[in-house]
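Colleague: I'm new to this one, so could you walk me through it? I'll ask, and you reason it out with me.

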Amino acid sequence: MSTGEHEAGEQRVQDAVRRHARTRAFAKAEDVISAVLSDPGVQEARERVEAAETELGLELCARLQPFQDRYDQAVAAGAPDELAGLCGGKHGRWGRICVLPGGHETSMEEPHWGRNSEGRPIAWVGSAPDDW
């Protein structure tokens with residue numbers, strides 16, 4: 001076996017070991033996250049947050065509904081320029097897309113606002129990636 005072949009073989013083994021370690025670490029992390037999320041205290045806190053977000057969403061509905069209407073029109077018309085100016089805040093897992101203009105959280109001092117996956121008005125603070 002040549003030196004190059006030997007080095008390539010060692011590299012493949014090292015890559016396989018790294019992949020295996022990463023897979024085990026992700027599996028452990030998922031187990032921990034599942035355990036935390038199933039805790040009754042965490043579930044109660046989540047329910048309270050969702051209730052507060054729904055209440056605030058309803059309170060802001062009259063004032064912020066025009067932004068939802070513009071969003072709906074832009075989607076229906078396929079207007080990417082209008083959609084590009086929207087806030088990046090979203091909680092994709094829960095079907096939320098903020099329909100306010102980008103930068104609103106600082107200039108307008110508003111939370112993110114839109115509709116949840118059931119179509120009800122909802123307001124939230126912060127953002128999470130789609131797969132969170």
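Colleague: Let's start with D15: is this residue buried, partly exposed or exposed?

Modeller: Bear in mind that this is a predicted model. The relative accessibility of D15 is 26%. Buried means under 20% and exposed means over 50%, so D15 counts as partly exposed.

Colleague: Which residue does the side chain of D15 meet in a salt bridge?

Modeller: Look along helix α1, residues 3-37, for a residue three places from D15, which puts the two about one helical turn apart. In general, an α-helix has 3.6 residues a turn, so residues three or four places apart point the same way. The partner is partly exposed too, at 45% relative accessibility. With N to O at 2.7 Å, the salt bridge of D15 is to R18.

Colleague: And how many salt bridges are there by this rule?

Modeller: One of them pairs D15 with R18, and another pairs E118 with R120, where the closest N and O atoms are 3.5 Å apart. In that second pair, E118 is exposed at 55% relative accessibility, while R120 is partly exposed at 44%. The count comes to four.

Colleague: Which salt bridge links distant parts of the chain, from helix α2 to strand β2?

Modeller: We want a pair with one side chain in α2 and the other in β2, 43 residues apart. Both residues are buried. The side chains come to 2.8 Å, N to O, and the pair is E53 and R96.

Colleague: What covers the buried residues of α2?

Modeller: Start with who is buried there: E53, G57, L60 and C61 are among them, as are F67 and Y71. Over the buried residues lie pieces that include a helix and several strands. Named with their residues, they include α3 (80-84), β2 (96-97), β3 (112-115) and β4 (121-124).

Colleague: Where in α2 is the kink?

Modeller: The end-to-end span gives a hint: a straight helix of 38 residues would cover 56 Å, yet α2, residues 40-77, spans only 45 Å between its end C-alpha atoms. The bend is about 80 degrees and comes shortly before the proline P66. That puts the kink at A62.

Colleague: At the start of α2, which backbone nitrogen does a side-chain oxygen of D39 reach?

Modeller: D39 sits in the loop between α1 and α2. With 37% relative accessibility, D39 counts as partly exposed. The oxygen comes to within 2.8 Å of the backbone nitrogen of G41.

Colleague: How far apart are the C-alpha atoms of D39 and G114?

Modeller: Along the chain, D39 and G114 are 75 residues apart. In space, their C-alpha atoms are separated by 29 Å.

Colleague: What about the other end, which residue follows α2?

Modeller: The helix runs over residues 40-77. Just after α2 comes a residue with a positive phi, near 65 degrees. That residue is G78.

Colleague: Last one: with which side chain does the side chain of H104 make a polar contact?

Modeller: H104 is in helix α4, residues 104-107, and at 1% relative accessibility it counts as buried. Setting aside neighbours within four places in sequence, H104 has contacts that include C87, C98, E109 and P111. The polar contact, at 3.3 Å, is with the side chain of H112.

Definitions and conventions: Residues are numbered from 1 along each chain as its sequence is written. This is a predicted model: local features need pLDDT of at least 70, side-chain atom pairs count only at pLDDT 80 or more; totals for chains, interfaces and linings use all residues. Side-chain values use heavy atoms; hydrogens and water are left out. Helices (H or I, at least four residues) and strands (E, at least two) are DSSP runs, numbered from the N terminus. The expected span of a helix is 1.5 Å times one less than its number of residues. The bend at a residue is the angle between axes fitted to the seven residues ending there and the seven starting there. Buried means under 20% relative accessible area, exposed over 50%, partly exposed in between (1.4 Å probe, protein chains only). Contact means heavy atoms within 4.5 Å. A polar contact is a pair of N or O atoms within 3.5 Å; within protein, one must be able to donate a hydrogen and the other to accept it, and residues adjacent in sequence count only if both atoms are side-chain atoms.
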